[in-house]
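Student: I've got a structure to look at and plenty of terms I don't trust yet. Can we go through it together?

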Amino acid sequence: MEETKCLIIGSGPAGYTAAIYAARADLKPLMYQGMEPGGQLTTTTEVDNFPGYPEGIDGPTMMEDLKKQAERFGTEIRWGMVTNVDTTERPFKVTTDDGAEILAETIIIATGATAKYLGLESEELFKGGGVSACATCDGFFYKGKDVAVVGGGDTAAEEATYLANMCRKVYLIHRRDELRASKAMQKRVLNTPNIELLWHHEVKEIVGTVEGFNKALNGAILFDNRTGEERKIDIEGFFVAIGHTPNSNLFVDKIQMDDTGYLITKSDSTATSVEGIYAAGDIQDKHFRQAITAAGTGCMAAIEAERFLGEQV
Ligand code: NDP
């Protein structure tokens, strides 16, 4: 059976950074890229907030650069999915979708999280052309413009206040008459004059123009879920903030996770509840969710895996 000192599952900024560090530490890491090679950043356009790119860089190119950097130091990168991990004994027996079985001395889980969307056809059409699930990533493009955020949790509240600093007006669309966000965040939202809360509203459709690859969103049609009454708001950006789903199904009942499925790591560490298994990036982070923080925890995971292996001899 194939053996590796370090198996990395997932290929976003966390996975690639873990690979760069693990490869440079001579762990000869093996990476399985997962369902979406390159991760969430491959679905964004311009990345302007990753240090080192003064002119910005588009998401897919940045991920391709990270991949090349990981390969340069000897990471073996494979297409495909890990389908099972036996966490009961070390080395961990890992099965992949092409039927391979691998014995891994350490595992770094960097499977990320997936933003939830409303599921509207028009929302899909304008993804990357007005519809976004990350205000920190894309808010800048809507400086001085009118935008909307949908959701009522901490993410929606945070995104709305972040956008309110740069946009002319922010509509916060929520399906109930009470925010789920923490009291402190609610207060910030309610005290921000250019945020208009649209209680009991849901989105029927996103509207705009599409000419070939050029898409320009110019509004959203909403309805009041008590009366059914419809209205159109004029906006250029639409931010979906209705939660994320951590990609942790593989580890249910195997690794400790919180009640929303995020893997729990020890304080100041990426160590999970299973010795020798580390978690980096959005799979263990519901607060920051940035490429740079994912990369930071990827680095931590590789260093911790290396130290752990060093202690075994
Ligand atoms: P939440 O699950 O807390 O909130 C999701 C929001 O979206 C809810 O208000 C929900 O409405 C709404 N929603 C869900 N599905 C739909 C839908 N189909 N249509 C319309 N609205 C919908 O997700 P968050 O991402 O906000 O937060 C996740 C976790 O991360 C929470 O524990 C939060 O506290 C934490 N967090 C903490 C932060 C911080 O401390 N700084 C920052 C960000 C997140 P409803 O209320 O009606 O269910």
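Student: How do the residues of the shell around the ligand divide into nonpolar, polar and charged?

Tutor: They divide into 2 nonpolar, 7 polar and 7 charged. Asp, Glu, Lys and Arg count as charged, Ala, Val, Leu, Ile, Met, Phe, Trp, Tyr, Cys and Pro as nonpolar, and the others, Gly among them, as polar. Before we go on: this is a predicted model, where local features need pLDDT of at least 70, side-chain atom pairs count only at pLDDT 80 or more, and totals for chains, interfaces and linings use all residues. Residues are numbered from 1 along each chain as its sequence is written, and side-chain values use heavy atoms, with hydrogens and water left out.

Student: Which residues are closest to the ligand, among the 16 that surround it?

Tutor: Asp154, Thr155, Glu158, Arg176 and Arg180. A residue is near a molecule if one of its heavy atoms lies within 4 Å of it.

Student: What makes the pair between Glu158 and the ligand a polar contact?

Tutor: A polar contact is a pair of N or O atoms within 3.5 Å. A polar side-chain atom of Glu158 lies 2.8 Å from a nitrogen atom of the ligand, so the pair meets that cut-off. Arg175 also reaches a ligand oxygen with a polar side-chain atom, at 2.9 Å, while Gly152 uses a polar backbone atom, 3.0 Å from an oxygen of the ligand.

Student: Which domains does the shell draw on?

Tutor: At least three residues come from each of domain 1 (2–114 + 244–311) and domain 2 (117–240). Those bounds come from an automatic or database domain assignment.

Key
Polar contact = N/O pair within 3.5 Å; in protein donor to acceptor, adjacent residues only side chain to side chain.
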